[in-house]
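Here are some exercises for getting to know a new structure. Try each task by yourself, then check the worked solution.

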Amino acid sequence: MRIRLKLARVGMNMEEATIVKWHKQPGNAFAAGDILYEIETEKVTQEVAATGDGRLVEILVPEGEIAEVGEEVCVVETAPVAA
């Protein structure tokens with residue numbers, strides 16, 4: 001299943017962040033806890049980790065670009081959950 005990940009608010013007053021570095025590239029697999037990308041706000045630099053296993057399909061906000069809270073930053077593919 002393909003999912004579009006959005007930039008989450010990491011601070012109460014955070015409205016936007018710069019994507020500093022992508023730690024995974026399209027086609028790379030990742031596991032829960034792996035760092036996907038790093039963001040920088042006015043107050044902090046923070047790594048954003050995957051919450052589950054999957055594969056990065058597409059980067060929507062490249063390094064050096066600013067994303068607003070709630071903006072889609074990448075597309076990932078996850079394995080379907082067995083019933």
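The exercises go from the whole chain to its sheets, its core and a few single residues.

**Before you start**

This is a predicted model: local features need pLDDT of at least 70 and side-chain atom pairs count only at pLDDT 80 or more, while totals for chains, interfaces and linings use all residues. Residues are numbered from 1 along each chain as its sequence is written, and side-chain values use heavy atoms, with hydrogens and water left out.

**Exercise 1: the whole chain**

Task: Find out how many helices and strands the chain has, and how compact it is.

Solution. Start with the elements: helices (H or I, at least four residues) and strands (E, at least two) are DSSP runs, numbered from the N terminus. The count comes to 0 helices and 8 strands, so the pattern along the sequence reads β-β-β-β-β-β-β-β.

Next, take the radius of gyration, which is computed over C-alpha atoms and set against the globule rule, 2.2 Å times the number of residues to the power 0.38. The chain comes out at 13 Å, close to the 12 Å that the rule gives for 83 residues, so it is as compact as a globular protein of that length. The C-alpha trace spans about 40 × 25 × 20 Å along its principal axes.

Now look at burial: buried means under 20% relative accessible area, exposed over 50%, and partly exposed in between (1.4 Å probe, protein chains only). Of the 83 residues, 27% count as buried.

Last, contacts, meaning heavy atoms within 4.5 Å. Among contacts between residues at least 6 apart in sequence, 54% join residues at least 24 apart.

**Exercise 2: the sheet with β2 in it**

Task: Work out the strand order of the open sheet that contains β2, then name its edge strands.

Solution. First, the pairing rule: two strands pair if DSSP finds at least two bridges between them. Following the pairs gives 4 strands in the order β5-β4-β2-β7, with antiparallel pairing. The edges are β5 (45-49) and β7 (66-68), each pairing on one side only.

Then zoom in on β2. With β4 it pairs over 4 bridges; there, Ile-19 has Ile-39 as its bridge partner, and Thr-18 stands opposite Glu-40. With β7, β2 pairs over 3 bridges, and Glu-16 stands opposite Glu-68.

**Exercise 3: the other sheet**

Task: Do the same for the open sheet that contains β8.

Solution. The order here is β1-β8-β6-β3, again 4 strands with antiparallel pairing. β1 (2-6) and β3 (29-30) stand at the edges with a single partner strand each, so one side of each is left without a neighbour in the sheet. For a close-up, take β1 and β8: 5 bridges join them, and Leu-5 stands opposite Cys-74.

**Exercise 4: the core and its aromatic pair**

Task: Which residues of the largest nonpolar core touch the most other members?

Solution. A nonpolar core is a set of buried Ala, Val, Leu, Ile, Met, Phe, Trp, Tyr and Cys residues joined through side-chain atoms within 4.5 Å. The largest has 16 residues, and Leu-7, Ile-19, Trp-22, Tyr-37, Ile-39, Val-73 and Cys-74 touch the most other members. The elements giving two or more residues are β2 (16-22), β4 (35-40) and β8 (72-77).

Now look for aromatic pairs, where ring centres of Phe, Tyr and Trp (its six-membered ring) lie within 6.5 Å; planes under 30 degrees apart count as stacked, over 60 as edge-to-face and the rest as tilted. The whole structure has 1 such pair. Trp-22 and Tyr-37 form it, 4.8 Å centre to centre with 45° between the planes, which is tilted. Trp-22 lies in β2 and Tyr-37 in β4, so the pair ties together parts 15 residues apart in sequence. Trp-22 is buried at 4% relative accessible area, and Tyr-37 is buried at 3%.

**Exercise 5: two residues up close**

Task: Are Phe-30 and Thr-41 buried or exposed?

Solution. Phe-30 lies in strand β3 and is buried, with a relative accessible area of 8%. Beyond four places in sequence, Phe-30 touches residues including Leu-36, Leu-56 and Val-76.

Thr-41 sits in the loop between β4 and β5 and is buried too, at 18%. Leaving aside neighbours within four places, Thr-41 is in contact with Met-14, Glu-16 and Ala-17.
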